[in-house]
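Visitor: I would like to learn how to read the surroundings of a ligand and the layout of a sheet. Could we go through them one feature at a time?

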Amino acid sequence: MTATPIYRRVLLKASGEALMGEQGFGIDVSVVDRIAGDIAEARALGVEVGVVIGGGNIFRGVAVASKGGDRVTGDHMGMLATVINSLALRTSLVKMGVDAVVLSAIAMPEICESFSQRQATAYMDAGKVVIFAGGTGNPFFTTDSAAALRAAEIGANALFKGTQVDGVYSEDPKKNRNATRYDRISHEDVLKRGLSIMDTAAIALARENHIPIIVYSIHEKGGFGDILKGKGHCTVVAD
Ligand code: UDP
């Protein structure tokens, strides 16, 4: 018997770095396939899934700005990087028989459809995985903010933030082995304590819209599905 999922509609945010595996740059297709497999499992549970992927495995605007270049152009390059990653994920999903579509915040009709809230929700209602590419479409933002924004627009019951570790810790657990992990923490406390799970704008937007943020390890195969079934390791950020 299939377990009833605890959320009906979710938005998954994965950083671009999650796609590069051990390579240090670019896209490792076997890693993308694994993440696509986790999304396929969520779909099999009946969960409607939207996805935002970052671009940090390819390009970040600050890299240009820090060398005296033009930040806005750098951010445009970063947003284009998210489109490349989104196309890679769609390819993996389609390959495994999951219906998926890329909607971009920046129009590029020869490559993918443009984002509109109406079209996105229509596709999700129809059971398609919707991959939101191009971030917010604006420079000076991040894909974390794009994820919180899209989560609010599609009425997601939860925003899943796939990270390197299995939840929110009092300190970086890779630097301090005695750091404590929270099972649950409020958006307010995350902001007050400056816990760096997502950027401030993203957390504030999620808080205003009463969207819980589920922080979990993107590297744990099956972790996404386990949490949707009400088990698994994560921290729930909720008021
Ligand atoms: N970006 C942007 N506006 C957005 C989202 C992203 O300008 O709304 C640019 C920005 O340069 C950013 C890059 O795209 O550094 C990649 O996104 P991000 O750094 O959020 O990717 P991640 O760290 O999640 O891989």
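Visitor: How many residues of each class, nonpolar, polar and charged, are in the shell around the ligand?

Guide: Keep in mind that this is a predicted model. A shell can be sorted by residue class, with Gly counted as polar, and here the shell around the ligand holds 14 polar residues, together with 5 nonpolar and 4 charged ones. In total 23 residues surround the ligand, and the closest are G54, G56, G61, G78 and G135.

Visitor: Which helices each supply at least two residues of that shell?

Guide: Those are α3, which spans 71–95, and α5, which spans 143–153. The largest share of the shell, 6 residues, comes from α3.

Visitor: Turning to the sheet, what is the order of its strands?

Guide: A sheet is read by following which strand pairs with which, and in this case 9 strands form an open sheet in the order β4-β3-β5-β2-β1-β6-β10-β11-β9, with mixed pairing. Its edge strands are β4 (113–114) and β9 (184–185), each of which pairs on one side only.

Visitor: In what sense do β3 and β5 pair, parallel or antiparallel?

Guide: Strand β3, residues 100–104, and strand β5, residues 129–133, pair in the parallel sense over 5 bridges. As one point of reference along this pair, S104 stands opposite A133 in β5.

Visitor: Which residues does the UniProt domain annotation cover?

Guide: The unreviewed UniProt entry carries the annotation "domain: Aspartate/glutamate/uridylate kinase" for residues 9–216. In the model, that span is 39% helix and 19% strand, and its end C-alpha atoms lie 17 Å apart.

Definitions and conventions: Residues numbered from 1 in each chain as written. Predicted model: local features only at pLDDT ≥ 70, side-chain atom pairs only at ≥ 80, totals over all residues. Near = placed C-beta within 6 Å. Helix = DSSP H or I, 4+ residues; strand = E, 2+ residues; numbered from the N terminus. Pairing = 2+ DSSP bridges. UniProt positions renumbered as here; feature names shortened; annotations may be inferred.
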